[in-house]
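Trainee: I have a few terms to pin down before I describe this protein. Can we go through them one at a time?

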Amino acid sequence: MRIAILSRHATLYSTRRLVEAARARGHETKVIDVLRCYMNITSHAPTIHYKGDDLTDFDAVIPRIGASVTFYGTAVLRQFEMMDVYPLNESVAISRARDKLRSLQLLARKGIGLPITGFAHAPDDVQDLIKMVGGPPLVIKLLEGTQGIGVVLAETQQAAESVIEAFMGLKVNILVQEYIKEANGADIRCFVIGDKVVATMKRQAKPGEFRSNLHRGGTASPIRITPEERSTAVRAARIIGLNVAGVDILRSNHGPVVMEVNSSPGLKGIEGTTGKDIAGLMIEFIEKNAALGKTRTRGQG
């Protein structure tokens, strides 16, 4: 097969591994900087151009679209879908996952365990918002934040009010969530491909930190998960519509709660921690599923 990999840099670990895995299985790959793509949006013959060339004859596309280029990246991916190229993750599912509020609402509607979450616009409602999520300590998150950036733990009522009012003053959208103290600064990354959790790792925050992201100095170790956690991760990915997802779960006193469903999970941490060939499993999934007409939305999402 001919496989396009949408990535800003061919040297990134995840991109390199996907290229290696695809070529090891006899496929041809092309790494494409999504921001260098430009499109002819026409009714009967949609095309994508890249550095002067027409991108044609691809069987599948793997989107590795960073959060900062979601809008343009999903537009390019939609164009591939309109051209009947099979996407590992569809554009509409990536858009759902990147909108933290939308994804939480979708998960809540289907009964997935979540931390108590509040969302408000007016500063006048701050005190009731804090009360609604159980009071401090609580976590305040920027809707557009990634890798733990824009996530604040407010341990007192005064701190919570000050941080929320400061964010609102900057005209940014935030979520306010209960703090799951019993998780002890750890979460579980479940790597889902299709209807299976293929790898799991525990991410532990460094001392004095509550964010467990590896980018923030957290450490990773292998972990066995319960059947309930496995089912929760698979269901969460399916509800968002992702074939490949990194589902982040906390162990709370009332069962597993989903913190986030990531549409472009990194491979370095999970492969290094578990020793599994995750890139190879992603290519294998494409081999089994890539076919004309297998894209559900066909770019209509």
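Mentor: Start with domains. Their bounds come from an automatic or database domain assignment. The model itself is predicted.

Trainee: What does the domain assignment give for the protein?

Mentor: Domain 1 covers 2-89. Domain 2 is written as 97-112 + 182-287. Domain 3 covers 117-179. The C-alpha centres of domain 1 and domain 3 lie 37 Å apart.

Trainee: Why are H3 and H4 called roughly perpendicular?

Mentor: Set the angle against the cut-off. Helix H3 (residues 91-98) and helix H4 (residues 100-109) pack at about 100 degrees. Angles of 65 to 115 degrees count as roughly perpendicular. H3 and H4 therefore earn the term. Their axes are 5 Å apart.

Trainee: Which residues of H3 and H4 meet?

Mentor: From H3, Ser95, Arg96, Ala97 and Arg98. From H4, Lys100, Arg102, Ser103 and Leu106. The contact of H3 with H4 has two nonpolar, two polar and four charged residues.

Trainee: What makes the bond between proline 136 and proline 137 a cis peptide bond?

Mentor: Look at omega, which is about -5 degrees. The bond joining proline 136 and proline 137 is cis. Most peptide bonds are trans. Proline 137 sits in the loop between helix H5 (126-132) and strand S9 (138-142).

Trainee: What is notable about phi of aspartate 57?

Mentor: Phi is near 65 degrees there, a positive value in a residue other than glycine. Most residues other than glycine have a negative phi. Aspartate 57 belongs to the loop between strand S5 (53-54) and strand S6 (60-63).

Trainee: Where does UniProt place "binding site"?

Mentor: The unreviewed entry places the feature at Lys141, Glu178, Tyr179, Asp187, Arg211, Ser212 and Asn213. Of these residues, Lys141 is included in the lining of the largest cavity. UniProt also lists Asp248 and Glu260 for "binding site", again in an unreviewed entry. Of that pair, the lining of the largest cavity includes Glu260. Aspartate 248 is found in strand S15 (residues 244-252).

Trainee: How do you know that a residue lines a cavity?

Mentor: By distance. Lining residues have an atom within 4 Å of a cavity point. Lys141 is included in that lining for the largest cavity.

Key. Residues numbered from 1 in each chain as written. Predicted model: local features only at pLDDT ≥ 70, side-chain atom pairs only at ≥ 80, totals over all residues. Heavy atoms only, no water. UniProt positions renumbered as here; feature names shortened; annotations may be inferred. 1 Å grid on protein atoms, 1.4 Å probe; cavity = no way out; pocket = protein on both sides within 12 Å on 5 of 7 lines; lining within 4 Å. Axes fitted to C-alpha atoms, helices over the stretch in contact; angles between N-to-C directions. Helix = DSSP H or I, 4+ residues; strand = E, 2+ residues; numbered from the N terminus. Parallel < 35°, antiparallel > 145°, perpendicular 65-115°, else oblique. Contact = heavy atoms within 4.5 Å. Nonpolar A, V, L, I, M, F, W, Y, C, P; charged D, E, K, R; others polar.
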